[in-house]
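The exercises below concern the way parts of a protein assembly meet. Each task is followed by a solution that proceeds step by step.

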Amino acid sequence: MSDVSIVLEGVSKTFVDGANRVHAVERVDLAIARGEFVALIGPSGCGKSTVLRMLGDLESPSTGSVTIDGVSPGEIRKRRQIGMVFQEANLLPWRSVYDNIALPLEIAGKSAVPGARSIDDLLELVGLKDFRDALPWQLSGGMRQRVAIARALVLNPKVLLLDEPFGALDEITRNRLNIDLLKIWTEVGITAVLVTHSISEAVLMSDRIFVMSPRPATITTTIPVTLPRPRTAQMQRAPEFFDLVARTGEALYRPFETEAA
Amino acid sequence: MSAALTLAPPVSRRLKSLAAILILLALWEVAARLFVPGVNPIIPPPSVLVTYVARHAGLLLISVQPTIVAAISGFCIGASISIVLAVIFVRFPTVEAALANSVVLLHALPMLAIIPLLVIWFGIGYTPKIIIAALATFFPVLNGALRGLRSSERSTLELMHILDAHWLQTLTKVKIPFALPYIFAGLKIAAPQAVLGATVAEWIGSRSGLGSQILIALLNYDVPLLWACMVACALLAATGFCLILLIEYLVIGRRSEPLREED
């Protein structure tokens, strides 16, 4: 791991709601290299999204430190170097595809972002060239997420945070979007953190998989994904792929199995 | 209900609604002729009602103008104040906590009791009726705007946070556009209310307008004029509603898949 991008050291998060204290995240340590694609996988509600939200400065850690390129997520956010894709595309329904992708540029003020990408190039990259003037309601769920990805990339951010971006889509669409997202990631060369609860998605996409325990979430196992890049849809039928899926599944389900025994 | 309130209902629905109105008018015509006969009946059949309106057309055209001016001015003032106040409430929750009860109290004041006070304070003329029209507009629009400004999706607001957007940018690019349907829902309730408020205020607060014409007709026991004023008032209120509907369509346009006809 040559050039480190994201570092979490002893990060815990406790939510306080009146007298209730919920330990969402417990002592998470991890380091992510620049340009690496990692997946956080864990049972639903385990707190993996909370880790991602701390990277996006949407939550702050109760203890421990989070740094991106050596500074706090808040600082990176103010530099507008975070791109985030949510589970729902959350496009603005009155704006066209083009204008939705332009939103971050408008907010930053065009002159303030020298590294900004051209919207037309992004439309080409996500395969929506012919839909630049369409309104969100005219698009399928998968196309809307493509717009959300383009919007996340328009300011040329340092990190791309993906919070179950295709979780609401059917498996066939999801598979296609994953392959396309990998192409985009290769082309853009960006550090990407994917939160998912799909084992095969985690294996297909990432360089390393961080397996998290049920709440409070902590990293129980790190699995390096040895599959070559560029990844293809066909690799999902290779024995090596199944082996990785099995190993990830074993790490993921272990806490539940010991509990039952 | 909601489908009936959109601007362009499908043709067959429009025909059905037209048929229902015609049937109602026909029933009214027959019933009035059977039970309330006479030259100037106190409950006229629609055919006679038309002659009442025609007979007083000139007077109505003059009386309606001050009412329109008061209703529109009051409506615009009331709507602007309530939208600005809603933005302040959403931006500064402490202000809302401090003022919310006062606003409800203001809404609970009986308009009929305020009008004489306004006349004493400002004299007879435009001021009392504009204030009443504004008060009638204020509450439904404030209510709609408050709900609407809080209707943005959470993840959209989080996106704005990640983009380090200024609160004014979030307001103009996200919160207000998301609030527009709710604001227009309030405006649609408020527009007829503004007309009715102005008319009622004219009973004692003005020497011109539809309201004072109604009072004159009552004192002279002029039933045809009373009916004619009522028709004019209803038309005015309905026009206000339709105008807002049209503006809503022009401003908001299409955000979701068009509704398909059910049958």
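Two residues are taken to be in contact when heavy atoms lie within 4.5 Å. The model is predicted.

**Exercise 1. The two domains of chain A**

Task: Determine how many residues of domain 1 of chain A are in contact with domain 2 of chain A, and characterise the interface.

Solution.

Step 1. The domain assignment places residues 1-77, 161-166 and 190-261 of chain A in domain 1, and residues 82-156 in domain 2. The centres of domain 1 and domain 2 of chain A, taken over C-alpha atoms, are separated by 26 Å.

Step 2. With the contact criterion, 14 residues of domain 1 of chain A touch nine residues of domain 2 of chain A.

Step 3. About 910 Å² is buried between domain 1 and domain 2 of chain A, and carbon and sulfur atoms give 70% of this area. On the side of domain 1 of chain A, A:Leu161, A:Asp163 and A:Pro165 supply 41% of the area buried against domain 2, more than any other three residues.

Step 4. Between domain 1 and domain 2 of chain A the count of salt bridges is zero, whereas five residue pairs are in polar contact.

Step 5. Helix 1 (48-55), helix 2 (73-78) and strand 6 (159-163) of chain A each supply at least two residues of the side of domain 1 that touches domain 2. That side of domain 1 of chain A consists of ten nonpolar, one polar and three charged residues.

**Exercise 2. The interface of chain A and chain B**

Task: State how much area chain A and chain B bury between them, and identify which elements of chain A supply residues of the side that touches chain B.

Solution.

Step 1. The contact involves 24 residues from chain A and 22 residues from chain B.

Step 2. The size of an interface is often expressed as the accessible area lost when the parts come together. For chain A and chain B this buried area is about 2,200 Å², with 63% of it on carbon and sulfur atoms. Within chain A, the residues that lose the most area to chain B are A:Trp94, A:Ile107 and A:Trp137, which together account for 31% of what that side buries.

Step 3. Three salt bridges cross the interface of chain A and chain B. In a salt bridge with an N to O distance of 3.0 Å, the side chain of B:Lys173 meets that of A:Glu106. The count of residue pairs in polar contact between chain A and chain B is ten.

Step 4. Helix 2, strand 5 (82-85) and helix 3 (97-108) of chain A each supply at least two residues of the side that touches chain B. Helix 3 of chain A gives the most, with four residues. The side of chain A that touches chain B divides into 13 nonpolar, two polar and nine charged residues.

**Exercise 3. The annotation and the domains of chain B**

Task: Establish which secondary structure is found over the annotated residues 60-248 of chain B, and describe how domain 1 of chain B meets domain 2 of chain B.

Solution.

Step 1. An unreviewed UniProt entry annotates residues 60-248 of chain B as "domain: ABC transmembrane type-1". This span of chain B is 89% helix and 0% strand, and its end C-alpha atoms lie 29 Å apart.

Step 2. The annotation "transmembrane region", also from an unreviewed UniProt entry, covers several stretches of chain B, including residues 130-149 and 225-251. Residues 130-149 of chain B are 100% helix, with end C-alpha atoms 27 Å apart. Residues 225-251 of chain B are likewise 100% helix, and here the end C-alpha atoms are 39 Å apart.

Step 3. The domain assignment of chain B gives domain 1 (8-36) and domain 2 (45-252). Five residues of domain 1 of chain B are in contact with six residues of domain 2 of chain B.

Step 4. Domain 1 and domain 2 of chain B bury about 450 Å² between them, 72% of it on carbon and sulfur atoms. B:Trp28, B:Glu29 and B:Arg33 lose the most area on the side of domain 1, together 79% of what that side buries.

**Exercise 4. A salt bridge within chain A**

Task: Explain why the pair A:Arg208 and A:Glu36 ties together parts that are apart in sequence.

Solution.

Step 1. Over all chains the count comes to 23 salt bridges. In one of them the side chains of A:Arg208 and A:Glu36 meet at 2.6 Å, N to O.

Step 2. A:Arg208 belongs to strand 8 (residues 208-212) of chain A, while A:Glu36 lies in the loop between strand 2 (20-33) and strand 3 (37-41), so the pair ties together parts that are 172 residues apart in sequence.

Conventions
Residues are numbered from 1 along each chain as its sequence is written. Chains are lettered from A and ligands numbered from 1 in the order in which they are written. This is a predicted model: local features need pLDDT of at least 70, side-chain atom pairs count only at pLDDT 80 or more; totals for chains, interfaces and linings use all residues. Side-chain values use heavy atoms; hydrogens and water are left out. UniProt positions are given in the numbering used here, feature names are shortened, and annotations may be inferred rather than shown by experiment. Domain bounds come from an automatic or database domain assignment. Buried area is the accessible area (1.4 Å probe) that two parts lose on being put together, summed over both. A salt bridge is a side-chain nitrogen of Lys or Arg within 4 Å of a carboxyl oxygen of Asp or Glu. A polar contact is a pair of N or O atoms within 3.5 Å; within protein, one must be able to donate a hydrogen and the other to accept it, and residues adjacent in sequence count only if both atoms are side-chain atoms. Ala, Val, Leu, Ile, Met, Phe, Trp, Tyr, Cys and Pro count as nonpolar, Asp, Glu, Lys and Arg as charged, and the others, Gly among them, as polar.
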